[in-house]
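Open your viewer and keep the selection tool ready. This tour tells you what to select next and what is there.

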Amino acid sequence: MASPLETRLAAYIAGRMPGVAEVAVDSLTRISGGASRETYRFRLSWRDAEGRALERKLILRRDPPASLIDTERRIEFEAYRAFFGSVVPVPEMLWLEEADAALDHPFFIAEEIAGFQASPGLLWAEPYAANLEALAQRKWTILGEIAKADPAAVGLDQVMEPVASDACWNRELSYWEGVLDEDEAEPLPIIRAAIRWLRANPPPPPRKVGVVHGDYRTGNFLYDEQGVIHGILDWEMAHLGDPLEDLGWSLNPVWSFGRGLAGGLVPREKAIAIWEAASGMAADPAALHWWELFNCVKGQAIWVSSARAWIDGGNREPIMAYPPWALQNAQDRAALKVMGRL
């Protein structure tokens, strides 16, 4: 028997596929992880106008009752669409629904890129460990391609909030400082010291305002045994800004997974060199240092926000409690390391 969510999902999709019959959804399964959206995989089947039986594996991304970050699903949806078919591999977006009526919360539906891994935990054992350098080459090359993209040419200047080049740093820092002000449950002296330093030592404006993925790290892409990346995921924090913001996030020590390597893959300088070659930009060391420390502040704000959603009872899913439990202390230590105090 179909679950109620499968039935409602099939009814919604049937309304968006005129001329077909016997639209059905089965095998709906919640995917673990993903604290910002509820993510499910499912199989869609239907008969086309000629009576042929067809099916496709799809993904449902639905807003939860409360999230560790507040983001617009339209921006995430449009960011995926902007890069679909380009050198930046992303799944095809199919339908966006911003009203609550169909499935209680806004959602979108996309193709599933099936058969690959996303978990960082598999990387350091065979058969994946033999190709970590190849994976790193692809990871930071793709990030360089994102940095190189013209927001107007891919249509994202129409959906993302514009920002002047000399205002990138202050907009991002003010936003995440505001999240900390609102959500912190206890004093955060290390992160507050980092914020004071960041405000006293702003970075130079970027050469160009580009598309920032916002959460580009090991764990947010699909890879295979040969070190090939087949899909860049989790664009929910995408925005316009300084391309060094993404590079700094990818170098955040919490994403080294205890291996002392950028993203757990290669030495930091190697990662930067790959990004520079792909983007055609130079990563100014002082500016990159600023964005690495900023990303420690941003990371802590995300973990604190996740804890707040759980404490207030807005979302009692275990995934909301795990990030602050696992990463708050690690993020403080990362900030100290970036500041040269550890």
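The stops below go from the whole chain to single residues.

**Before you start**

This is a predicted model, in which local features need pLDDT of at least 70, side-chain atom pairs count only at pLDDT 80 or more, and totals for chains, interfaces and linings use all residues. Residues are numbered from 1 along each chain as its sequence is written, and side-chain values use heavy atoms, with hydrogens and water left out.

**The whole chain**

Select the protein chain and color by secondary structure. You will find nine helices and nine strands. Both are DSSP runs, numbered from the N terminus: helices are H or I with at least four residues, strands are E with at least two.

Now show the C-alpha trace. Along its principal axes it spans about 65 × 45 × 45 Å. The radius of gyration is 21 Å, which agrees with the value near 20 Å for a compact globule of 342 residues. That radius is taken over C-alpha atoms, and the globule rule is 2.2 Å times the number of residues to the power 0.38.

How much of the chain is buried? Of the 342 residues, 53% count as buried. Buried means under 20% relative accessible area, exposed over 50%, and partly exposed in between (1.4 Å probe, protein chains only).

Contacts come next; a contact means heavy atoms within 4.5 Å. Among contacts with a separation of 6 or more, 70% join residues 24 or more positions apart.

**The nonpolar cores**

A nonpolar core is a set of buried Ala, Val, Leu, Ile, Met, Phe, Trp, Tyr and Cys residues joined through side-chain atoms within 4.5 Å. Select F83, W140, I232, W235, L247 and W275. In the largest core, of 77 residues, these touch the most other members. Add helix 8 (residues 285–311): this helix gives the most to the core, with twelve residues. In soluble globular proteins, nonpolar side chains tend to be buried together.

Zoom in on W235. Beyond residues up to four places away in sequence, W235 touches E76, A79, Y80, F83, V88, V90, I146 and H213.

Then pick I13, M17, L28 and L103. They are among the 19 residues of a second, separate core.

**T141**

Go to helix 3 (residues 132–148) and select T141. T141 counts as buried, because its relative accessibility is 16%. Leaving aside neighbours within four places in sequence, T141 is in contact with I274 and A278. Add E276 as well: T141 and E276 are 135 residues apart in sequence, yet 8.6 Å apart in space, C-alpha to C-alpha.

**H239**

Move to strand 9 (residues 239–241), where H239 lies. Is H239 buried or exposed? With 12% relative accessibility, H239 counts as buried. Its contacts, not counting residues up to four places away in sequence, include M160, R171, E172 and E245. V212 is another. The C-alpha atoms of H239 and V212 are separated by 5.3 Å, with their positions 27 residues apart along the chain.

**Three loop stops**

Select E126 and P127. A cis peptide bond joins them, with omega about 10°. P127 sits in the loop between strand 5 (107–111) and helix 3.

Next, D104, in the loop between strand 4 (93–97) and strand 5. Phi of D104 is near 75°, a positive value in a residue other than glycine. D104 is partly exposed, at 39% relative accessible area.

Finish at F257, in the loop between helix 6 (243–250) and helix 7 (268–279). Phi of F257 is near 55°, also positive in a residue other than glycine. F257 is partly exposed, with a relative accessible area of 32%.
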